[in-house]
Protein chains: 2
Amino acid sequence: MVSPDTSSSPPQGKPVTQVRYELLTLGDELLLGLAANGHLGFIGGELGRRGAGLRRNVTVTDDSEAISRQFRESWAAADVVIITGGLGPTSDDRTREAVAGVLGQKLVFDPGIERTIAELFARFGRVMTPNNLKQAWRFERSDVLANANGTAPGLWVEQDGKVLCMLPGPPNELQPMFIEQVLPRLAKLGLLREREAYVQIRTAGIGESLLETRLQPIFDRAGEDLGIAFCAHAGRVDCRLSSPGDRLGLADLEEIAAECARVLGEDFVCYGHDSLAKVCADFLRAQERTLAVAEAATGGLLANAFADFCGAVKFFAGGCVCCSNDAKMQLLDVPECLLQQHGAVSSECAVAMATGAAEKLGADYALAVTGFTGPCGGTHENPVGTIYIALHAPHGVWSKKLSYPGPRAAVKERAVNTALDWLRRELVRSSRVPPQSARTAG
Amino acid sequence: MVSPDTSSSPPQGKPVTQVRYELLTLGDELLLGLAANGHLGFIGGELGRRGAGLRRNVTVTDDSEAISRQFRESWAAADVVIITGGLGPTSDDRTREAVAGVLGQKLVFDPGIERTIAELFARFGRVMTPNNLKQAWRFERSDVLANANGTAPGLWVEQDGKVLCMLPGPPNELQPMFIEQVLPRLAKLGLLREREAYVQIRTAGIGESLLETRLQPIFDRAGEDLGIAFCAHAGRVDCRLSSPGDRLGLADLEEIAAECARVLGEDFVCYGHDSLAKVCADFLRAQERTLAVAEAATGGLLANAFADFCGAVKFFAGGCVCCSNDAKMQLLDVPECLLQQHGAVSSECAVAMATGAAEKLGADYALAVTGFTGPCGGTHENPVGTIYIALHAPHGVWSKKLSYPGPRAAVKERAVNTALDWLRRELVRSSRVPPQSARTAG
């Protein structure tokens with residue numbers, strides 16, 4: 001463990017929600033938009049689930065002056081600082097030196113780390129170049145966090161009543177290190193909870209403001225101890241219930257969430273983090289039903305939403321992507337006269353695609369999507385953003401016309417989510433009917 | 001435009017590379033890991049292309065004290081501050097008030113914004129709740145940036161020799177607003193370049209170190225005025241050539257890039273940012289050829305790569321997503337005996353899928369992908385990560401076996417890119433053959 005230091009005790013006695021966490025993500029590639037900052041989502045999510053909210057994430061350039069300035073500020077303001085990146089062997093990694101300067105610690109060469117790096121290179125039959133040994137330097141008063149998947153170890157410092165944790169940048173190295181070593185260390189110091197700290201309600205097909213309006217009476221009854229946060233995304237709105245002051249327990253939050261779910265009816269998707277596709281997949285598995293999809297407007301994204309599950313073959317019969325009329329006729333037996341009479345962007349075509357997919361692939365349910373996702377295409381009657389969705393079920397087939405604003409990618413995402421949500425509602429209803437009569441109805 | 005203000009002139013005369021840009025991304029949902037911070041990548045990328053590097057990105061919580069504190073610090077340090085999020089209608093959006101306090105501006109109710117919001121609700125047939133009118137408040141001395149895709153307009157302030165730009169959080173609202181309104185305004189003030197500041201060479205199928213080795217002699221001849229940056233992603237490596245000291249003009253950089261392209265031969269994909277699918281699509285259009293795809297392992301992502309282009313119907317005949325053996329037989333006429341003898345993850349199956357797709361959809365070319373993307377599945381002979389790709393062309397059909405490390409999403413992305421690159425190389429070769437003989441060969 002860390003060598004004793006007169007000022008080394010970490011922040012103690014503070015409620016978890018008041019521990020101030022800051023995340024410093026280093027790397028010019030993040031600021032240039034060349035790589036996504038996935039660490040914020042991962043680390044923020046893991047801390048948030050355990051009631052310890054990340055207060056700030058700062059991404060700065062790789063130059064050592066910017067790193068020093070930012071770390072000095074964050075170290076003064078925060079109880080726990082987590083730094084990602086800048087531990088690698090290449091010459092633009094100056095993080096260790098910059099941080100050591102602010103901490104007032106010396107860097108020491110650790111023969112234990114050197115051995116570990118050498119062993120790793122030997123195991124993969126690669127040659128260790130001298131710059132790899134940069135990674136064997138650590139702060140004089142620090143712990144080493146072993147890296148099972150790479151050469152750069154993490155570093156852990158307890159000093160000035162604070163914690164500093166430095167982690168390597170590659171996600172496959174950082175993530176297991178964070179889960180297996182960092183979270184238990186933080187929990188041991190009382191800086192986060194052992195288990196999840198909030199209850200999430202996932203909804204679909206209802207806007208954020210209407211959702212708030214419908215749930216407000218429940219929130220009002222719960223009073224000021226209840227913390228509420230909304231997050232809207234492409235037709236889906238999540239609502240997180242927590243108790244920032246710790247006056248409501250998990251059971252209280254679950255009870256409030258259950259009341260919300262009752263009020264929301266079919267607009268309620270699930271508790272937690274499951275995707276719409278996951279919820280549909282679970283229903284299909286439970287009801288032993290299969291699904292096929294036929295796509296023009298969404299180009300394969302709807303198929304991918306289902307094909308992405310391991311073992312999808314059990315409930316996902318397959319999909320056809322047919323942008324052209326020829327493909328709709330060849331793959332789905334859509335009649336040529338129907339296409340001539342109504343056009344490919346029509347309620348009739350969506351229905352024929354859904355039915356064709358269900359028949360061709362022998363599926364119980366089928367979803368079809370056709371439309372103009374823009375920027376090209378569109379007619380006076382069906383301008384860009386117009387989408388027709390059809391749902392084929394054992395007891396009938398329906399279609400609906402929708403209209404979405406936004407660029408192509410947004411229209412496609414909304415169309416996929418609307419199709420998934422429609423299927424989900426149908427599966428919710430059929431799950432309430434005894435299986436025997438549902439089958440007969442088909 | 002903005003009302004005149006004695007101190008309102010923006011930073012002028014500074015070289016673009018020295019203009020200090022800061023991005024403030026607001027939202028508890030980012031810090032809680034509920035939503036990815038895509039704004040950093042998008043805005044950082046757009047600024048970087050025009051020679052203006054983002055210096056810092058700070059994500060803070062939604063509470064108004066944190067927003068005030070952070071904006072005060074950023075406003076003091078930066079020339080341009082861009083704020084995303086916190087403009088929505090729900091009660092946790094307190095950004096306007098916090099920012100107005102730091103700017104020393106009053107908030108005024110703008111009836112023009114109110115009208116626009118009401119019209120938008122009417123157009124989409126939704127009910128406007130009172131909290132939506134929060135979005136009609138703006139700073140007294142600010143411009144309004146129209147939002148074509150949502151209710152919250154952007155705001156633009158020039159004050160204290162600086163620029164503040166506030167944008168709504170949803171990407172489909174923010175991105176067009178940024179491209180169409182913010183970039184031109186910034187360019188007009190001389191805060192970024194009118195056009196891209198570097199020349200990018202896109203390569204595929206060659207590793208970063210080998211690429212560097214092959215291009216080094218060219219870089220050595222160009223001398224120290226040349227700036228070089230590599231960025232590798234899922235089988236593709238980009239090389240950016242710039243002139244940090246501005247001593248090389250665009251023509252010089254383009255000449256160096258052309259020399260690199262000659263040395264690289266087929267490993268060179270394009271200049272700029274076109275995707276592999278875009279390059280393939282352009283070849284197919286030019287050669288008047290069509291493509292079909294058949295997917296098991298990639299679940300629809302390969303189809304989507306082509307279907308995503310406007311007018312894709314001209315060259316993209318369609319796609320089949322068939323995870324199950326039944327679907328492979330029903331949609332692609334893959335013989336049952338072939339599946340029994342070789343299995344669905346085999347070179348033989350990939351070839352049969354490609355041929356079936358080309359025949360069913362009457363296409364000149366077809367790509368097929370089958371494999372184990374993990375985490376489940378895999379055999380001793382074909383462990384998780386094994387992918388078979390087949391390419392059907394007018395003059396033959398081939399397959400190859402590949403193996404990729406990483407989680408499911410990474411394996412799928414690599415498989416898509418490898419399939420696209422294979423088709424691209426084939427189309428490069430056939431573009432060198434006179435069309436007549438190429439047709440005869442088919």
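**Questions on a sheet and a helix**

Student: Which residue stands opposite A:K162 in β8(A), and what makes two strands count as paired?

Tutor: In this predicted model, A:Q159 stands opposite A:K162 in β8(A). Two strands pair if DSSP finds at least two bridges between them, and β7 (residues 154-159) and β8 (residues 162-167) of chain A have five bridges, in the antiparallel sense. Strands are DSSP runs of E with at least two residues, helices runs of H or I with at least four, both numbered from the N terminus. Residues are numbered from 1 along each chain as its sequence is written, chains are lettered from A in the order in which they are written, and local features need pLDDT of at least 70. Side-chain atom pairs count only at pLDDT 80 or more, while totals for chains, interfaces and linings use all residues.

Student: What makes β6 (143-145) of chain A and β6 (143-145) of chain B edge strands?

Tutor: Within an open sheet of 12 strands with mixed pairing, each of these two pairs on one side only.

Student: How do you know that the length of helix α9 (residues 276-287) of chain B agrees with its number of residues?

Tutor: The expected span is 1.5 Å times one less than the number of residues; the 12 residues should therefore span 16 Å, and the end C-alpha atoms are 17 Å apart, which agrees.

Student: Why are residues of α9(B) called buried?

Tutor: A residue is buried because 20 or more other C-beta atoms, placed from the backbone, lie within 10 Å of its own (exposed: 12 or fewer; partly exposed: in between), and among those in α9(B) are B:L276, B:V279 and B:F283.
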